[in-house]
Amino acid sequence: MVNLVIVSHSARLGEGVGELAQQMLMGGNCKIAIAAGIDDPQNPIGTDPIKVMEAIESVADTDHVLVMMDIGSALLSAETALDLLDPTIAAKVRLCAAPLVEGTLAATVSAAAGADIDKVIADATNALEAKREQLGLPSSASETRITPTFIAQDAAAKSVSVVIKNPNGLHIRPASRLVATLSAFNADLLLEKNGKCVTPDSLNQISLLQVRCHDTVRLLASGEQADDALAAFSRLAAENFGESLEDAAVVTSSTADITGNAFCYAPTLPPIRQASDRSPGAEQARLRNALDLTLLDLMTLITRAEENWPGDLAAIFSGHHMLLDDPELFDTACGLLRSEHCTAEYAWQQVLSSLSTQYRQLDDAYLQARYIDIDDLLHRTLRHLLQSPLVLPDVSAPAILVADNLFPSTVPELDPHVVKGICLREGSSLAHGTLIAREMGIAWVCQQGDALNDVQTGERLTLDVARNRAIRERKPL
């Protein structure tokens with residue numbers, strides 16, 4: 001068995017990752033300990049080798065302990081902890097280079113399913129591959145994991161096909177349930193969608209299939225317990241992989257016209273300086289701290305979405321969390337800090353603005369709309385760097401919110417009793433903010449362009465949701 005230790009610079013981030021990982025256990029025997037932050041109220045961001053040592057000791061009653069770390073001194077603290085440990089315990093410990101959030105979730109699912117240490121490390125290390133494939137990026141792996149083909153060629157192999165009814169497909173929780181269920185059987189298994197096969201023994205492999213609602217997937221099985229595995233798969237699919245469709249169903253908003261007074265919303269940021277009077281190391285620390293705080297913001301949004309709205313709107317902010325925790329983005333920004341001696345906010349703006357532009361240039365309208373998610377992450381992180389609090393619309397009477405665009409993370413902050421509609425100069429009907437607004441019962445129109453020129457707060461507007469247009473009340477001459 002494999003237990004896990006999470007090492008992070010931020011106590012709140014470490015606890016948040018631990019909370020996500022606990023949801024993936026599905027009754028497995030994997031234990032998780034957290035060693036995050038330092039005991040200094042004035043400067044709580046950092047790592048402590050003694051904390052890491054004690055965390056390892058608390059879960060050392062197993063064959064192996066895998067240590068998941070964020071960056072920099074987390075690795076140094078873990079290495080120091082190894083030197084401080086009793087040699088018999090230190091021999092059980094492996095340090096993992098995987099990204100903290102994705103790697104920990106993948107490792108938890110794998111360890112809870114009873115995988116050995118090498119399999120757990122492999123699953124954690126490959127945790128970013130599903131995201132890379134979805135974004136159309138090349139694989140970072142030096143060796144491609146080869147899916148066995150003997151089952152499909154074996155005449156004795158059996159299979160069963162199911163149609164996925166989960167509104168959000170096989171996202172992280174249903175996929176975790178599938179991994180945990182199939183791990184109990186002594187059988188050779190493949191999960192297939194549209195001719196593409198993966199071994200359903202890890203969260204990452206299932207994610208690579210990108211299984212959506214109404215997709216047909218097939219489980220192929222051979223071996224001693226093939227029939228049992230297929231039967232369990234059918235039962236799990238019949239139960240929608242443990243997800244209630246009533247809770248997961250997305251409620252669409254009414255297409256009736258909405259009339260109300262306009263409330264103009266235009267959030268701003270302080271100016272961003274390019275040149276820095278700090279060292280690159282100090283700017284890197286500022287950026288890491290801002291990212292940690294943003295990750296904590298997203299954990300709060302995930303929890304709120306899970307508690308207040310049916311469906312898996314929480315998956316939107318889980319996706320934001322996974323994207324922001326990508327070490328490649330941080331490393332690219334750090335390269336700019338070293339080469340240009342610039343501020344953390346300038347470097348981060350360059351990195352995420354470039355990524356946003358790539359999305360805007362995509363041909364696929366659905367993927368193109370994801371630029372707003374990137375802009376959302378940039379805006380939130382910059383606010384932490386610039387110590388500029390988010391100013392939400394101060395709407396006290398029923399109104400229609402008018403803005404150039406609206407970030408997905410802003411929509412849950414609105415009160416649907418007073419914000420009856422959202423009218424945007426830009427935006428997209430395929431944006432995540434649209435989905436959240438519909439769930440909350442808030443009307444949404446976008447891409448209004450010049451039609452919103454000179455709209456003033458208090459002006460009467462009607463939103464024709466069915467035709468996606470805003471109608472301004474004409475004043476008598």
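Leaving aside its neighbours within four places in sequence, which residues is I422 in contact with? In this predicted model, the answer is a list of nine names given below, under the heading on the cores.## Overall make-up

Let's start with the whole protein. The chain folds into 19 helices and 14 strands. Of its 477 residues, 50% are buried. Among contacts with a separation of 6 or more, 71% join residues that are 24 or more positions apart.

## The nonpolar cores

The largest nonpolar core has 110 residues, and those touching the most other members are L66, L178, L191, F233, W348 and I422. Helix 13, spanning residues 280–308, supplies the largest share of this core, with nine residues. Another core lies apart from it and holds 19 residues, including V5, A33, M69 and L85.

Now back to the opening question about I422. Not counting neighbours within four places in sequence, I422 is in contact with L401, L406, L414, A437, I442, A443, W444, V445 and L463.

## A cavity between two domains' residues

How many cavities of 30 Å³ or more does the structure hold? There are two. The second largest cavity contains about 40 Å³ of space. As general background, rolling a probe the size of a water molecule over the atoms shows where empty space is left.

The lining of this second largest cavity consists of G16, E19, L20, Q23, M299, I302, T303 and E306. Two elements each give two or more residues to that lining: helix 1 (11–23) and helix 13. By residue class, the lining divides into three nonpolar, three polar and two charged. Domain 1 (2–135) and domain 3 (268–386) each contribute at least three residues to the lining.

## Two charged residues in helix 13

Helix 13 is also home to R288. Is R288 buried or exposed? With a relative accessible area of 7%, R288 falls under the 20% cut-off, so R288 counts as buried. Beyond its neighbours within four places in sequence, R288 is in contact with I71, L295, D325 and F330.

E283 is found in helix 13 too. The relative accessible area of E283 is 0%, so this residue is buried. Setting aside neighbours within four places in sequence, E283 makes contact with S276, R278, L337, C342, T343 and A344.

## Strand 2 and the loop after it

I34 sits in strand 2, which covers residues 32–36. The relative accessible area of I34 is 37%, and therefore I34 is partly exposed. Leaving out residues up to four places away in sequence, I34 touches I6, G14, E15, G18 and A55. From I34 to K51 there are 17 residues in sequence, and their C-alpha atoms are 8.5 Å apart in space.

The loop between strand 2 and helix 2 (49–58) holds D48. D48 has a relative accessibility of 24%, so D48 counts as partly exposed. Apart from neighbours within four places in sequence, D48 is in contact with G37, I38 and S77. The C-alpha atoms of D48 and H9 are separated by 8.9 Å, while the two residues are 39 apart along the chain.

## Two loop residues with positive phi

Backbone angles are worth a look as well. Most residues other than glycine have a negative phi. Which value does phi take at N194? Phi of N194 is near 50°, a positive value in a residue that is not glycine. N194 lies in the loop linking strand 6 (188–193) and strand 7 (196–198). The relative accessible area of N194 is 71%, so N194 is exposed.

D454 also has a positive phi, of about 70°, although D454 is not a glycine. Where is D454 placed? D454 is in the loop between strand 12 (443–445) and strand 13 (460–464). The relative accessible area of D454 is 63%, over the 50% cut-off, and therefore D454 is exposed.

Terms used:
Residues are numbered from 1 along each chain as its sequence is written. This is a predicted model: local features need pLDDT of at least 70, side-chain atom pairs count only at pLDDT 80 or more; totals for chains, interfaces and linings use all residues. Side-chain values use heavy atoms; hydrogens and water are left out. A nonpolar core is a set of buried Ala, Val, Leu, Ile, Met, Phe, Trp, Tyr and Cys residues joined through side-chain atoms within 4.5 Å. Buried means under 20% relative accessible area, exposed over 50%, partly exposed in between (1.4 Å probe, protein chains only). Helices (H or I, at least four residues) and strands (E, at least two) are DSSP runs, numbered from the N terminus. Contact means heavy atoms within 4.5 Å. On a 1 Å grid over the protein atoms alone, a cavity is a set of points where a 1.4 Å probe fits but cannot get out, and a pocket is an open set with protein on both sides within 12 Å along at least five of seven lines; lining residues have an atom within 4 Å of a point. Grid points are joined across faces, edges and corners, and a volume is the space filled by probe spheres set on the points. Ala, Val, Leu, Ile, Met, Phe, Trp, Tyr, Cys and Pro count as nonpolar, Asp, Glu, Lys and Arg as charged, and the others, Gly among them, as polar. Domain bounds come from an automatic or database domain assignment.
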